[in-house]
Amino acid sequence: MTLAGRSVAVRVPATSANLGPGFDTLGLALSVHDELVVTALGGPGLEIEVSGEGAADVPTDASHLVVRSMAYAFEAVGRPMPGIRLRAHNVIPHGRGMGSSGAAVVAGLLAAQGLLEGDVTLGPDTLLRLATELEGHPDNVAPALFGGLTIAWMDQNGPQHKKLAVHRGVSPLVFVPEFTMSTSVARGLAPLHVTREDAVFNVSRSALLIAALTQSPELLMAATEDKLHQSYRAQAMPATDALVQSLRAAGFAAVVSGAGPSVLVLADGPGRRLEAVDHAATSTDTPWKPLLLAVDVRGGTVRDHTEDAT
């Protein structure tokens, strides 16, 4: 089967993982998207053009994460990867706790899925397994793949997920700073062992968070309390911690978005979200860019782009 000339368009949402107490388990897809077009060339080669977020920083060779993820998928199904032309427009902030690396992994896998359509089927379970192998954890890649609120876990059969619909009253807001945070550094600050009391605390809040996000948004303040990771990471992100604490003291359900340093607010209505923006503007000297978002319910998509590309 020749792939030369085949082209696909991919769209992948940002995500916020953990959501407070759901460490390495819960994730939410958000309405900020990276978009790219991938075209199979007639011969070997690699052409990469990146615009938008991180355009000056991301590699433009085979080490580009989208390209590496595509190559991983082709190898997994035993097919040679063709030469590739990649045109990517990034909107998801890099290094800010909004799942930019997970989105790149998912984008590459979906691009491979689109190019291989009619030859090899990459189903949802396979996509999640490959994405988790590349990313290391399923909590960001699951919502990027499937949209909505996802619960992700590992068992003897590999990564699993359950997608849930979010209550329409939940209004996400993300405060994005100018500074970045390394996910690996942030992960290293969380302790390997916690007390039984803290573990029980987080189990109760994680269970409550599912109810709050799907049925009872008025419970979001209590449901987003955490004792497993956020306080330990605060030392590396003092401005983030200060904003989270200030927002929570004012009654807003604020948490660290993923590994940070962005701050996610899960407001129980559009009006409360605007109040949170006003509060942040007057309570901190650190510049924060507020993103008033919706929950992305579709997740990553891929469509044929061959006719448009010719």
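1. Charges over F201. In this predicted model, the ring of F201 has the charged end of R205 over it, 3.9 Å from the ring centre. K227 also lies over the face of F201, with 4.5 Å to the ring centre. Both contacts are worth viewing with F201 in the middle of the frame.

2. The sheet. Four strands form an open sheet in the order β8-β9-β7-β10. The pairing is antiparallel. β8 (254-256) and β10 (288-292) are the edge strands, each pairing on one side only. From one strand to the next, the twist averages 25°. Strands of a sheet pair through backbone hydrogen bonds, either parallel or antiparallel.

3. The helix on the sheet. Helix α9 (residues 238-249) packs on this sheet. It touches β7, β8, β9 (263-267) and β10. The direction of α9 makes about 160° with that of β8.

4. Bridges, strand by strand. Three bridges join β8 to β9, and the two run antiparallel. V255 has L264 of β9 as its bridge partner. β9 and β7 pair in the antiparallel sense over five bridges. There, L173 is matched with V265 in β9. β7 (residues 171-177) also pairs with β10, antiparallel, over five bridges. P177 has W288 of β10 as its bridge partner.

5. Burial of β9. How many of the five residues of β9 are buried? Five of the five are, so the strand is largely enclosed by the rest of the structure. Both faces are covered. V263, V265 and A267 are buried on one side, L264 and L266 on the other. In a regular strand the side chains alternate between the two faces of the sheet. Two of the bridge partners named above recur here: V265, partner of L173, and L264, partner of V255.

6. The β8-β9 hairpin. Six residues lie between the two strands. G258 in this hairpin takes a positive phi near 60°. The peptide bond from G260 to P261 is cis, with omega near 10°. P261 is placed in the loop between β8 and β9. Most residues other than glycine have a negative phi, and most peptide bonds are trans. The cis bond at P261 therefore deserves a check by eye, set against that background.7. The aromatic pair. The structure holds one aromatic pair. F179 and W288 form it, edge-to-face, at 6.1 Å centre to centre and 70° between the planes. Which parts of the structure does the pair tie together? F179 lies in the loop between β7 and α5 (183-189) and W288 in strand β10, so the pair links parts that are 109 residues apart in sequence. W288 is buried, at 13% relative accessible area. F179 is partly exposed, at 31% relative accessibility.

8. T286, next to β10 in the chain order. T286 is placed in the loop between α10 (270-283) and β10. Its relative accessible area is 26%, so T286 counts as partly exposed. T286 touches F179 and A239, leaving aside residues up to four places away in sequence. F179 is thus a member of the aromatic pair and a contact of T286. P82 is 204 residues from T286 in sequence, and the C-alpha atoms of the two are 46 Å apart.

9. The loop between β1 and β2. Where does L19 lie, and is this residue buried or exposed? L19 is found in the loop between β1 and β2 (26-40). With a relative accessible area of 0%, L19 is buried. Phi of L19 is positive, near 55°, in a residue other than glycine. D24 is found in the loop between β1 and β2 too. D24 has a positive phi of about 60°, although not a glycine.

10. The start of the chain. T2 lies in the segment before β1 (7-17). T2 counts as exposed, at 64% relative accessibility. G45 is 43 residues from T2 along the chain, and 16 Å separate their C-alpha atoms.

Methods:
Residues numbered from 1 in each chain as written. Predicted model: local features only at pLDDT ≥ 70, side-chain atom pairs only at ≥ 80, totals over all residues. Heavy atoms only, no water. Pairing = 2+ DSSP bridges. Axes fitted to C-alpha atoms, helices over the stretch in contact; angles between N-to-C directions. Contact = heavy atoms within 4.5 Å. Phe/Tyr/Trp six-rings, centres within 6.5 Å; stacked < 30°, edge-to-face > 60°. Buried < 20%, exposed > 50% of the residue type's maximum accessible area, 1.4 Å probe, protein only. Lys NZ or Arg CZ within 6 Å of the ring centre and 35° of its normal.
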